[in-house]
Amino acid sequence: MITNFKNIHIGKLIRARVSENKTDLSRICRFMNCTESEINEMYLQEGLPTYILMRWCKLLEYDFFRIYSQHLILYGPPVAITDTTYESKLPKFRKNLYTREMTELILKLIRTGKKTKRKVVDEYGIPKTTLNKWISKYDGG
């Protein structure tokens, strides 16, 4: 399981998912319309074009884009206050939207003693107040 959302190497993560699923290389090559050497080259890439990553998501039935979303949630700049008279054509997303899976992972790390609250705040950049709310809400503490 990925716990370091700061440094993402998508090729390694794709290779891990292929291994987990025991996906046959010939099936991958047919689906991706690539040779074995091109697939192996993708495993070495830290980043991939979005249209290629989308194909990997579909083939491996895993949303690799969420890894990047978690990175933005944890390390992205704060959402700026914008001029409300201008309506953007782009979809709007809330920055501080932590997934339930992310919350559970963090709380499990604290519960099992793998990380302290301080370590979680320092490593993941989650505000202390947010972490305390999670603990109160989900751990009854």
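A residue counts as buried under 20% relative accessible area, as exposed over 50%, and as partly exposed in between. These classes are applied below to a predicted model.

Salt bridges were considered first. A search of the whole structure finds five of them. One joins K115 to E123, with the closest N and O atoms 2.9 Å apart. The two partners fall into separate accessibility classes. E123 has a relative accessible area of 31%. That value lies between 20% and 50%, so E123 is partly exposed. K115 has a relative accessible area of 18%. This is under 20%, and K115 therefore counts as buried.

E123 also meets K119 in a salt bridge, at 3.5 Å from N to O. Both E123 and K119 belong to helix α7. They are four residues apart, about one turn of the helix. K119 is partly exposed, with a relative accessible area of 43%. K115, K119 and E123 are thus linked in a network of salt bridges. E123 takes part in the bridge with K115 and in the bridge with K119.

Another salt bridge pairs D122 with R118. Here the closest N and O atoms are 3.1 Å apart. D122 and R118 are both in helix α7, which covers residues 117-124. Because they are four residues apart in this helix, about one helical turn separates them. D122 has a relative accessible area of 52% and is exposed. R118, at 47%, is partly exposed.

Helix packing was examined next. Two packed helices are described by the angle between their axes and the distance between the axes. The axes of α6 and α7 come within 9 Å and cross at roughly 140°. That angle makes α6 oblique to α7. The cut-off for roughly antiparallel is over 145 degrees, so the pair does not reach that class. The crossing of α6 past α7 is right-handed. On the α6 side, the contact is made by I106, L109 and I110. On the α7 side, K117, V120 and Y124 contribute. The residues of this contact divide into five nonpolar, no polar and one charged. The charged residue is K117, because Lys counts as charged.

Helix α6 (residues 100-111) also packs against helix α8 (residues 128-138). The angle is about 90°, and the axes are 11 Å apart. The two helices are therefore roughly perpendicular to each other. From α6, the contact draws on R100, T103, I106, L107 and I110. From α8, it draws on L131, W134, I135 and Y138. These residues divide into seven nonpolar, one polar and one charged. The charged residue is R100, because Arg counts as charged. T103 is the polar one, because Thr is neither in the nonpolar list nor in the charged list. I106 and I110 of α6 appear in the contact with α7 and in the contact with α8.

A final result concerns the segment before α1 (10-21), where N7 is placed. N7 has a relative accessibility of 57% and counts as exposed. N7 and E46 are 39 residues apart in sequence. In space, their C-alpha atoms are 9.3 Å apart.

Terms used: Residues numbered from 1 in each chain as written. Predicted model: local features only at pLDDT ≥ 70, side-chain atom pairs only at ≥ 80, totals over all residues. Heavy atoms only, no water. Axes fitted to C-alpha atoms, helices over the stretch in contact; angles between N-to-C directions. Parallel < 35°, antiparallel > 145°, perpendicular 65-115°, else oblique. Contact = heavy atoms within 4.5 Å. Salt bridge = Lys/Arg side-chain N within 4 Å of Asp/Glu carboxyl O. Buried < 20%, exposed > 50% of the residue type's maximum accessible area, 1.4 Å probe, protein only. Left-handed = near helix turned anticlockwise from the far one by under 90°.
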